Amino acid sequence: MITTMQLTGKITRDTLMPLEAYAKWRKVHKPEVIAHRKLRTVHLGEHLTVQFESELSMRYQIQEMLRIEKIFEEEGIQDEIDAYAPLVPDGTNWKATLMIEYPDVHERRRELARLIGIEDRMFVEVEGHGRVYAIADEDLDRETPDKTSAVHFLRFEFTPAMRAAIKAGAQVKLGCDHTNYPAHVTIPPETLASLAGDLRD
């Protein structure tokens, strides 16, 4: 029986913990996972949050869904894997969850209408290289003609030269050039060090 969270490079049914084992593991390790997710979170202005995902964050997400929903049947477990495993970066990219956050419901409705297409205007810019725009919502279209979704899934695909530059310590910016939300920020060094670990040469 698996009693700890093992990073194997591929999330499968056989590499997940049974519910009882996960409940014990969670009591001890939840703060570590929260710290890991916080490290890989970048805020862009007041209303955009980008959570860069990892195998650890997605394993935790799947295990949490199984725990909350009390899922122990093969089909249900596979459904959760199918939903979240594609968000694990696979060596040439970063994958992220974009959250558009407006606490006031009326303001949120208005801004989501103004921000249609924002997911396609998210970019990463590696020092010395051109911008890499996000490939958004590959699983399903999250936009309607009237508004964008408050949550999007992004993939930033890098060339070998960009990957080498990131691993060598180049500065990297995260930004958005949507007309109604222009913003960019330099990714902090400690966050970038974690993200560089997602990339292979």
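The legends below describe close-up views of a predicted model.

**View 1. The open five-stranded sheet.**
The strands of this open sheet follow the order β1-β2-β3-β7-β6, and their pairing is antiparallel. The edge positions are taken by β1 (41–44) and β6 (135–136), each of which pairs on one side only. Four bridges join β1 to β2, and five bridges join β2 (residues 48–52) to β3 (residues 93–100). Seven bridges then link β3 to β7, while β6 and β7 are paired over two bridges.

**View 2. Residue partners across the sheet.**
Individual pairs allow the order of the strands to be followed from residue to residue. V42 stands opposite V50 of β2, and V50 in turn stands opposite L98 of β3, so that V50 can be used to trace a path from β1 through β2 to β3 in the antiparallel sheet with the order β1-β2-β3-β7-β6. L48 has I100 as its bridge partner in β3. Further along the order, A96 has L154 as its bridge partner in β7, and the bridge partner of I135 in β7 is R155.

**View 3. The hairpin of β1 and β2.**
Three residues lie between the two strands of this hairpin, and G45 takes a positive phi near 70°. The strands on either side of the turn run antiparallel and are joined by four bridges, with V42 opposite V50 of β2.

**View 4. The enclosed strand β2.**
Which way do the side chains of L48, V50 and F52 point from β2, and which way do those of T49 and Q51? L48, V50 and F52 point one way and T49 and Q51 the other, and all of them are buried. In a regular strand the side chains alternate between the two faces of the sheet. Because five of the five residues of β2 are buried, this strand is largely enclosed by the rest of the structure.

**View 5. Surroundings of T97 in β3.**
T97 lies in strand β3 and is buried, with a relative accessible area of 9%, which is under the 20% limit used for that term. The side chain of T97 makes a polar contact of 2.7 Å with the side chain of E53. When residues up to four places away in sequence are left out, T97 touches T49, V50, Q51, E53, L87, V151, H152 and F153.

**View 6. Surroundings of V124 in β4.**
V124 belongs to strand β4 (residues 122–126) and, at 0% relative accessibility, counts as buried. Beyond its neighbours within four places in sequence, V124 is in contact with W94, G130, R131, V132, F156, F158, V172, K173 and L174. E190 is 66 residues from V124 in sequence, and the C-alpha atoms of these two residues are 17 Å apart in space.

**View 7. The nonpolar cores.**
The largest nonpolar core holds 36 residues, of which L48, F52, W94, M122, F156, F158 and I166 touch the most other members. Strand β3 gives the most to this core, with four residues. A second core, separate from it, has twelve residues and includes I77, I81, Y84 and V88.

**View 8. Helix α6 and the elements it packs against.**
In α6 (residues 189–196), the residues T191, L192, S194, L195 and A196 are buried. The buried residues of this helix pack against α1 (19–39), β1, β2, β3, α5 (160–167) and β8 (172–178). S194 of this helix counts as buried at 18% relative accessibility, since the limit for that term is under 20%. Not counting residues up to four places away in sequence, S194 touches H36, L39 and R40.

**View 9. The largest pocket.**
The volume of the largest pocket is about 230 Å³. Its lining is made up of 14 residues, and those closest to the centre of the pocket are P86, L87, E138, D139 and F153. Helix α3 (74–84) and strand β7 (151–157) each supply at least two residues of the lining. Two of the residues close to the centre, L87 and F153, are also among those that T97 touches.

Key: Residues are numbered from 1 along each chain as its sequence is written. This is a predicted model: local features need pLDDT of at least 70, side-chain atom pairs count only at pLDDT 80 or more; totals for chains, interfaces and linings use all residues. Side-chain values use heavy atoms; hydrogens and water are left out. Two strands pair if DSSP finds at least two bridges between them. Buried means under 20% relative accessible area, exposed over 50%, partly exposed in between (1.4 Å probe, protein chains only). Contact means heavy atoms within 4.5 Å. A nonpolar core is a set of buried Ala, Val, Leu, Ile, Met, Phe, Trp, Tyr and Cys residues joined through side-chain atoms within 4.5 Å. A polar contact is a pair of N or O atoms within 3.5 Å; within protein, one must be able to donate a hydrogen and the other to accept it, and residues adjacent in sequence count only if both atoms are side-chain atoms. On a 1 Å grid over the protein atoms alone, a cavity is a set of points where a 1.4 Å probe fits but cannot get out, and a pocket is an open set with protein on both sides within 12 Å along at least five of seven lines; lining residues have an atom within 4 Å of a point. Grid points are joined across faces, edges and corners, and a volume is the space filled by probe spheres set on the points.
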